[in-house]
Amino acid sequence: MLTLILLVLAVIGLLIVMRREAGALPALAVTAGLGLVGLVAGASILGALLLIAAAGIAACGLPALRTRWLTPRLFALFKKVAPRVSDTERVALEAGSVAWDGELFTGRPDWQTLLDYRDEGLSDEEHAFLDHQCSVAAGMCNAWEIARERADLPQELWDYLKQEGFFGMIIPKAYGGLGFSAKAQSLVLQKLSISETLMVTVGVPNSLGPGELLLKYGTEQQKDHYLPRLADGREIPCFGLTGPRAGSDATALPDTGVVCKRVIDGEEVLGLRLNFEKRWITLAPIASVVGLAFRLFDPDQLLGKEEDRGITLALIPRDTAGMEIGRRHHPIGSPFLNGPIKGHDVFVPLSTIIGGPEMIGQGWRMLVECLSIGRCITLPSGATGTARYALGWSGGFARIRRQFNVSVAEMEGVQEPLARMAALAYVSRAAVYQTANTIDHGEKPAVPSAILKSQLTEFQRVILGDAMDIHGGKAVTLGPRNYLGIGYSANPVAITVEGANIMTRNLMIFGQGAIRCHPFVLEELAAKDADDVAAFDRAFFGHAGLIFGNAARALTQGLGLGHPSVPFDEIAAPYARDIARLSAGFGLCADAAMASLGSRLKQREMLSARLGDVLSNLYLASMTLKQWHEGHKVEGEAALLHYGCRFLLGRAEQALDELFDNLPSRALGRALRVIVMPTGRRWKRPEDTLTREIAQAVSRDTPLRRYLLDATWQENDGSRDNPLARYNALLASQERAEALYRRVNKAYAKGELPAEALHPEQRVEAALAQGLMSEEDATFMQEREAAVLELLSVDDFAYDAFVTDKTKVLRHQPA
């Protein structure tokens, strides 16, 4: 019995020490103290084992001892097995900053650090712009007209965007821009997502491109000249990075610049001779100034002794001799302006280099630093806005569309995708807003930008697929009445650009996060490069303490012991505690994968992707909790919080489960499963009652629906058709209509109305004639049915309307 008691005490004591990462001395005190008690009290075998363990802890854990024999050996081994970090990778790793993503890697996230990013909201000016200018711009759009009739935005919309400064949201007021916060920029793009083409047209100049690059790196002369012109639309920018052979591997640029001299107007000018071929460049067909990335060479050593000067960025006017620009690509589903740019022996002076000659060779660093912010905003905001519009349309359509004498919103087959759409839209809105809020606090979130870009555009794909299913024939028939089909077909663009989702998920999220966000890996690699044994000792044994700590936290919290304190209410607290539990498990699994696979983990992309999935879902769930914590909480919102968090945590557990099954070391996989999930998986798919509750709320005029559609275009000013406004108007009178539907259908079933009254309008007329309905109610229902029928209708066209070459029309039947 004594032996058992001592063993239990030793395990408890060591778990406490490990959870707290208290170090070698407390662990030594536990094992040595209980070992001596065992020897004195008669439990000699256990006592001896504990003393041996104490000796091992002392030899390996006390710096004075381990640095004499263990650290040098470990350092030599580490230098052999540690992955080599290329200069390109190092630049990417050092770009941006680490915030909440770093907390999730520790396994003991401090929630207060997240809550310290206080949301100050929007300024009055930003609110006014969102309410007025964005509504006016949205009201000038018609998806069919833009996609099929114009292949462009209307001229009056281009003029309005320039006049109101839409292209200068990120440019400070000192240069004539709007100087908006990241949150305001995100909300503007969400509202403009009523049109994919409009959102892209406004988003790209305010994202990665000449404006942001000039702001951060441009010379004063470049800023003074270009920024005011970019802000008011006198200059339309594009940025040429990708090409036929340089897509995801953007550093493999085959485009070149050669330092040379040329005589211009009788004067010898030092400049660059550029040869390049770029593709998929948004706004290139109409751009007046082109940002260009290229590899710079100085074979004649006109600038110094180095010949290969590295990736460099320049800003080139459209009319520069030798540049071919103006042709278009045809992006799938959307006619946003995108095209190729070519240049043969294009000569430009050194002054065109962004930042001047001092920034030669700094192009890759400049790009990845800007991308860490731009990728957080544009596509995630577009995906979130699209999700909210699709939800608004789908909820309205499902409620007014009746089959089998009931609204299809009452059918569970429709409720399931409708609730899923609502939850994903809710999570997306929280994630992009709260991440933008960290940007407003000075962060440059590199890893979260990859998470948001890949995860939210994948959510968009799911949401648009669900919306198509709910709408059925209404959405698969293109025409001016179809508000959904064109955006659905354009979704692959968001999946592919700014870092294809396959690459981002499999390589970037965990690959960059494991080094950049981990508390110790970057320090260990730096110590290796500097050949600093002392720095390696501090980093390595701090890392070891973290591993033991995460193992103890994951196991005890998995068993329901020692829940961490979290600053949330009783609704959100269970999810925050489980994020902490899974964070500890994630940290342990990340270290286990890196230790067992080493540099081979780069090639095991499916394992890396699963680890990235865990991090992504924990990050999204954290942002959702913060939004809940700081929000005003409308009726029904708790159901969305429950659905969203259960969905995300379930996906995180699924990714861990698959990781355990696929680690090359089966013993390691089984051991990690026991530690991280000692009682199995906790989170399952949200239950049906939650699904029904959410679906009912978003298909009716409720506070929850109004909250989810906040800051979308819902005005009905008559300038353009707004289906969302029409759905909202119908839902506002839904209760009255449903009571009348029941009365009429009951009368018809009882034979009180003529059998041939098959249409709703006919039954209303018959009910009025029979005195079963007042004239006021009949007028209401007739007007309502006319509005419903218009929303349910689809377009038809002349037989040869879609044939561009009329000579090839086949007339299968005589006229």
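A residue counts as buried under 20% relative accessible area, as exposed over 50%, and as partly exposed in between. Keep that scale in mind as you visit the views below, which come from a predicted model.

**View 1. K261 and E268 form a salt bridge.** In this pair, the closest N and O atoms are 3.9 Å apart. How accessible is K261? Its relative accessibility is 47%, so K261 counts as partly exposed. Its partner E268 has a relative accessible area of 54% and is therefore exposed. As background, side chains of opposite charge can pair when their charged atoms come close.

**View 2. R420 and D466 meet through their side chains in a salt bridge.** Here the N to O distance is 2.8 Å. Which helices hold the two partners? R420 belongs to helix α17 (residues 412-440) and D466 to helix α18 (residues 446-471), so this pair ties together parts that are 46 residues apart in sequence. R420 is partly exposed, because its relative accessible area is 21%. D466 counts as buried, because its relative accessibility is 6%. Elsewhere, R399, E410, R700 and E738 are joined into one network by salt bridges that share partners.

**View 3. K183 and D119 make a salt bridge between a helix and a loop.** Their side chains meet at 3.9 Å, N to O. K183 sits in helix α12 (residues 182-192), while D119 sits in the loop between α7 (111-115) and α8 (124-131), so the pair ties together parts that are 64 residues apart in sequence. Is K183 buried or exposed? K183 is buried, with a relative accessible area of 4%, whereas D119 counts as partly exposed at 26% relative accessibility. To put this pair in its wider setting, a search of the whole structure finds 47 salt bridges.

**View 4. A nonpolar patch lies on the surface and includes M1.** Its members are M1, L4, I5, L7, V8, L9, V11, I12 and I16. Together they have about 830 Å² of accessible area. Where is M1 found? M1 is in the segment before α1 (2-20). With 74% relative accessibility, M1 counts as exposed. A general point about helices may help you here: an α-helix has 3.6 residues a turn, so residues three or four places apart point the same way.

**View 5. Helix α26 is mostly covered.** How many of its residues are buried? In α26, 19 of the 26 residues are buried. You can also check the span of this helix, which covers residues 637-662. At 1.5 Å a residue, α26 should span 38 Å, and its end C-alpha atoms are 38 Å apart, which agrees.

**View 6. Two stretches are marked in the UniProt record.** The unreviewed entry places a "transmembrane region" at residues 39-65. In the model this span is 89% helix and 0% strand, and its end C-alpha atoms lie 26 Å apart. The unreviewed entry also places the feature "domain: Acyl-CoA dehydrogenase/oxidase C-terminal" at residues 361-501. That stretch, residues 361-501, is 78% helix and 3% strand, with its end C-alpha atoms 28 Å apart.

**View 7. Two domains are assigned in the protein chain.** Domain 1 covers 1-68, and domain 2 covers 722-792. What separation do the centres of domain 1 and domain 2 have? Taken over C-alpha atoms, the two centres are 80 Å apart.

Note on methods. Residues are numbered from 1 along each chain as its sequence is written. This is a predicted model: local features need pLDDT of at least 70, side-chain atom pairs count only at pLDDT 80 or more; totals for chains, interfaces and linings use all residues. Side-chain values use heavy atoms; hydrogens and water are left out. Patches are made of residues with over 30% relative accessible area and no salt bridge: like charges are joined within 9 Å, nonpolar side chains (Val, Leu, Ile, Met, Phe, Trp, Tyr) within 5 Å. Accessible areas come from the Shrake-Rupley method with a 1.4 Å probe; for residues, only the protein chains shown count as cover. A salt bridge is a side-chain nitrogen of Lys or Arg within 4 Å of a carboxyl oxygen of Asp or Glu. Helices (H or I, at least four residues) and strands (E, at least two) are DSSP runs, numbered from the N terminus. Buried means under 20% relative accessible area, exposed over 50%, partly exposed in between (1.4 Å probe, protein chains only). The expected span of a helix is 1.5 Å times one less than its number of residues. Domain bounds come from an automatic or database domain assignment. UniProt positions are given in the numbering used here, feature names are shortened, and annotations may be inferred rather than shown by experiment.
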